[in-house]
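Me: I should like to learn how to read a structure of this kind, one feature at a time. Please show it to me first.

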Amino acid sequence: MKINLISDTTTHPTPGMLDAMMNARVGDDVFKEDETINLLEAKVADLFGMEAALFFPSGTMANQTAIKVHTQPGDQLICDKYAHVYNYEGGGVSFNGGVSCKLVDGDRGMMTAEQVAASINPPDFYHSPLSSLVCIENTTNKGGGACWDFSEIEKIRKVCDDNKLGYHLDGARLWNALVAKNESPRQYGEIFDSISVCFSKGLGCPVGSVLVGSKDFMDKALRIRKILGGGMRQAGYLAAAAVYALDNNISRLAEDHRKAKEIGKLLETLPYIKSVEPIETNIIIFNLEDGIEEGEFLNTLKENDIHIIGMGQGKLRIVTHLDYTDAMHKRLLEILQGLAIKKV
Ligand SMILES: *Cc1c(COP(=O)(O)O)cnc(C)c1O
């Protein structure tokens, strides 16, 4: 039994999802004539209580488009040092937008309103890049699936208003935060200028992200998406999976969170584990004891057909997801418990 826990992106569409995809009514979305894309966009806009939404092939393209709409070349955006837009989008912030990042030294990928305020360059000091956008991430990826305290998100909104900054949420795993904290999409729609959400992470779709915001924002985003090559034709086959996921796969994320916490609890008791970071959703980040070689540990797991990834600096990551079954969970816990890992 292969147990793949490298990411929640490794899922395969279930028969129900495939069925929805096969039966999708489609058209040419570049002409806005794909019924299923239009349905998905309307559904997501309504869910967040925002005016408009736009389907994208990836979360990266959705974020990059949002950043491009919010900024001008030479501007600076403010984000945590762990931010996906800074670390894992290939430098697209500078490539696509001509924008630099002011990195904030936050906690598990989350910064405070005070830190954001302190990172803004004075707008009349023309020697510095113009601060024009704040990007936050919920849940945080590199921060181990941590969820924001909503009141801090609100405080940052105030800082953005006071300083005329755009406010973008990279919500690739926002669904996980909503379930873990019992929050609603509307709460987020009221605060942010733009939000990106992924369907290919915990929700089990093969492809797809959506950007939500105002009508005016999305008119501009449509042009940028075209420029980036993201205008797709009969993409309703993909959107059908996302519609299905919205209806079927959100509340079950609690199960991924439960399993992640159970894994973390076991890891804490094992002699070869030094520490486990707090687990709030479906991501487990942990460190091996000193003297235990990471590559060797990963190989030992691989021999048992268990696949996880190293994040560098001695950190390892496990991500639970839709395809991680109860049987796999039982087996994983047994194997971890029984591993005889020796220090070198
Ligand atoms: C996965 C992810 C994205 C987008 O990823 P794609 O692979 O391009 O869909 C953006 N932000 C965060 C925090 C992510 O985890």
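Me: In which loop does T139 lie?

Reply: Helices (H or I, at least four residues) and strands (E, at least two) are DSSP runs, numbered from the N terminus. Here T139 belongs to the loop between β5 (131-137) and α7 (150-163). The peptide bond leading from N138 to T139 is cis, with omega near -5 degrees.

Me: Before we continue, on what basis should I read such values?

Reply: This is a predicted model, in which local features need pLDDT of at least 70 and side-chain atom pairs count only at pLDDT 80 or more, while totals for chains, interfaces and linings use all residues. Residues are numbered from 1 along each chain as its sequence is written, and side-chain values use heavy atoms, with hydrogens and water left out.

Me: Which residues come nearest to the ligand?

Reply: A residue is near a molecule if one of its heavy atoms lies within 4 Å of it. Of the 13 residues around the ligand, the nearest are G59, T60, N141, D170 and K201. Helix α3 (residues 59-70) contributes the most to this shell, with three residues.

Me: How many residues of each class does the shell around the ligand have?

Reply: Ala, Val, Leu, Ile, Met, Phe, Trp, Tyr, Cys and Pro count as nonpolar, Asp, Glu, Lys and Arg as charged, and the others, Gly among them, as polar. The shell has two nonpolar, six polar and five charged residues.

Me: Which atoms of the protein and the ligand should I inspect?

Reply: One looks for polar contacts, pairs of N or O atoms within 3.5 Å; within protein, one must be able to donate a hydrogen and the other to accept it, and residues adjacent in sequence count only if both atoms are side-chain atoms. A polar side-chain atom of D170 is 2.6 Å from a nitrogen atom of the ligand. An N or O atom in the side chain of K201 lies 2.7 Å from a ligand oxygen atom, and a backbone N or O atom of G59 lies 2.8 Å from an oxygen atom of the ligand.

Me: What does D326 touch, and where is D326 found?

Reply: Contact means heavy atoms within 4.5 Å. D326, in helix α14 (residues 326-338), touches E255, R258 and K259, not counting residues up to four places away in sequence. The side chains of D326 and K259 are joined by a polar contact of 3.2 Å. D326 and R258 are 68 residues apart in sequence and 11 Å apart in space, C-alpha to C-alpha.
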